[in-house]
Amino acid sequence: MDKSSLKKFICSALAIFICLMPAYSLELDMSVDEEIRKNYNPSKLELDALPPIPEIKNTAPKTPASTANSISVPTSVPQKSVSQTSTQPPKTVPSTDFAKNTGKVKKDLPKTSTKDDFAAIKIKKGTKFLVKSQTAVSDYSRAGAVLSFVSLEPVTKRYITIPAGTVFKGVVVESHQPQATGNGGLIVLKADKLIYKGSTYSMDARITKAGGKKIFFNNIKGKRQYWKGVGVQIDKGENFYQKSRRASKKLADNPVGVIISPIPTIAGVVVYAVNFVGSPLFSIYYKGGHISLPAGTLYEIKLNEDLYIY
């Protein structure tokens with residue numbers, strides 16, 4: 001016998017010995033049973049000892065004599081006593097509205113659309129497409145002009161791949177030619193449609209690159225030539241000064257013109273100073289550069305919102 005079995009045997013023996021000790025014996029008090037037997041005869045039935053059942057009185061309202069005489073009871077139908085009809089439960093339970101009995105308000109389920117929304121494939125916002133334009137655009141284009149693009153690379157997402165050659169549609173939102181304040185031409189483009197497997201899907205997207213250059217705020221701008229205009233104005237004053245110096249040199253070679261030879265130089269200095277100081281003001285009216293993007297220009301389209309394909 002191993003140690004664990006020996007321990008179990010000793011513990012069991014001690015438990016049995018403790019339970020058999022006289023200190024743990026119970027003494028029952030039988031005096032209560034004797035009192036019950038004196039006052040109660042068990043030979044009698046309980047129904048005989050119980051009080052009689054009270055009779056049910058007819059509580060139906062009495063009808064006037066005139067109405068009682070007008071109502072005729074068919075003789076073929078046996079009449080039942082009021083006590084019998086009142087005590088019998090109804091054979092059928094009347095149908096009632098569940099909402100009225102429970103006090104709960106019935107709520108209609110939300111109506112679902114006819115399309116299977118669970119079958120829609122989502123292309124998340126921020127997805128980019130590299131496309132090539134099939135339409136030339138410039139700052140002469142009018143707002144509302146339609147553009148066409150073709151994707152050059154496939155874009156793979158979960159459950160769907162937009163293959164290369166997919167057609168995108170765009171529109172010219174705004175455009176203007178170079179302005180007299182030094183601003184260049186402006187073109188604002190927006191991609192608004194995707195044609196996939198013969199179906200057209202509306203989308204919200206913007207142009208982020210055009211011709212390899214990044215586009216900010218969806219605005220394709222011509223070169224701003226304000227500072228170029230400043231330089232042009234300074235160059236004009238310098239050229240005039242150089243011409244005046246040459247004129248003064250020629251007059252100095254003539255004995256008669258020596259007297260008036262300083263006048264052209266002085267005029268050249270004045271004109272040069274006016275152009276140098278006034279160049280920032282004069283350049284405001286210098287027009288910026290035009291912008292023209294021919295067909296075949298590369299663009300990058302980026303989704304602003306999620307696009308769902310059914």
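**Aromatic rings.** I began with the aromatic cluster that Tyr241, Tyr272 and Phe276 form together, keeping in mind that this is a predicted model. I then searched the whole structure for aromatic pairs, and the search returned four of them. In the pair of Phe129 and Phe168 the ring centres are 5.0 Å apart and the planes stand at 50°, so I entered the pair as tilted. This pair links distant parts of the chain, since Phe129 is in strand 2 (residues 128-133) and Phe168 in strand 7 (residues 167-176), 39 residues apart. I looked up the cover of both rings: Phe129 counts as buried at 1% relative accessibility, and Phe168 counts as buried at 0%.

I went back to the cluster for the pair of Tyr241 and Tyr272, which is tilted too, with 6.2 Å centre to centre and 45° between the planes. Tyr241 belongs to helix 7 (residues 226-253) and Tyr272 to helix 8 (residues 262-282), so this pair ties together parts that are 31 residues apart in sequence. Are these two tyrosines buried or exposed? I had to enter neither word, because Tyr241 has a relative accessible area of 22% and is partly exposed, and Tyr272 is likewise partly exposed, with 29%; the cut-off for buried is under 20%.

**Contacts across the sequence.** Staying with strand 7, I looked up Val172, which lies in that strand and is buried, with a relative accessible area of 1%. The C-alpha of Val172 is 5.3 Å from that of Ala145, although the two residues are 27 apart in sequence. For a second contact I turned to Lys223, in the loop between strand 11 (219-221) and helix 7, where the C-alpha distance to Ile291 is 7.9 Å across 68 residues of chain. Lys223 counts as exposed, at 63% relative accessibility.

**Surface patches.** Which residues gather in a patch of positive charge on the surface? I found Lys122, Lys124, Lys157 and Arg158 there. I followed Lys122 further: this residue is in strand 1 (residues 121-123) and is partly exposed, with a relative accessible area of 39%. Lys122 can take part in a patch because 39% is over the 30% that a patch residue needs.

I also noted a nonpolar surface patch of about 620 Å², made by Leu6, Phe9, Ile10, Leu14, Phe17 and Ile18. I checked Ile10 from this patch, and found Ile10 in helix 1 (residues 3-19) and partly exposed, at a relative accessible area of 42%.

**Backbone angles.** Most residues other than glycine have a negative phi, and I therefore wrote down two positive values separately. Phi of Tyr159 is near 70°, a positive value in a residue other than glycine. Tyr159 is in the loop between strand 5 (155-157) and strand 6 (160-162), and counts as exposed at 65% relative accessibility. For Lys197, also a residue other than glycine, phi is positive and near 55°. Where does Lys197 lie? I placed Lys197 in the loop between strand 8 (186-196) and strand 9 (199-210), and its relative accessible area of 74% makes Lys197 exposed.

Conventions. Residues numbered from 1 in each chain as written. Predicted model: local features only at pLDDT ≥ 70, side-chain atom pairs only at ≥ 80, totals over all residues. Heavy atoms only, no water. Patch = residues over 30% accessible without salt bridge, like charges linked within 9 Å, V, L, I, M, F, W, Y side chains within 5 Å. Areas by Shrake-Rupley, 256 points an atom, 1.4 Å probe, with all protein chains shown as cover. Salt bridge = Lys/Arg side-chain N within 4 Å of Asp/Glu carboxyl O. Lys, Arg positive; Asp, Glu negative; His and termini not counted. Charge placed at Lys NZ, Arg CZ, Asp CG, Glu CD. Helix = DSSP H or I, 4+ residues; strand = E, 2+ residues; numbered from the N terminus. Buried < 20%, exposed > 50% of the residue type's maximum accessible area, 1.4 Å probe, protein only. Phe/Tyr/Trp six-rings, centres within 6.5 Å; stacked < 30°, edge-to-face > 60°.
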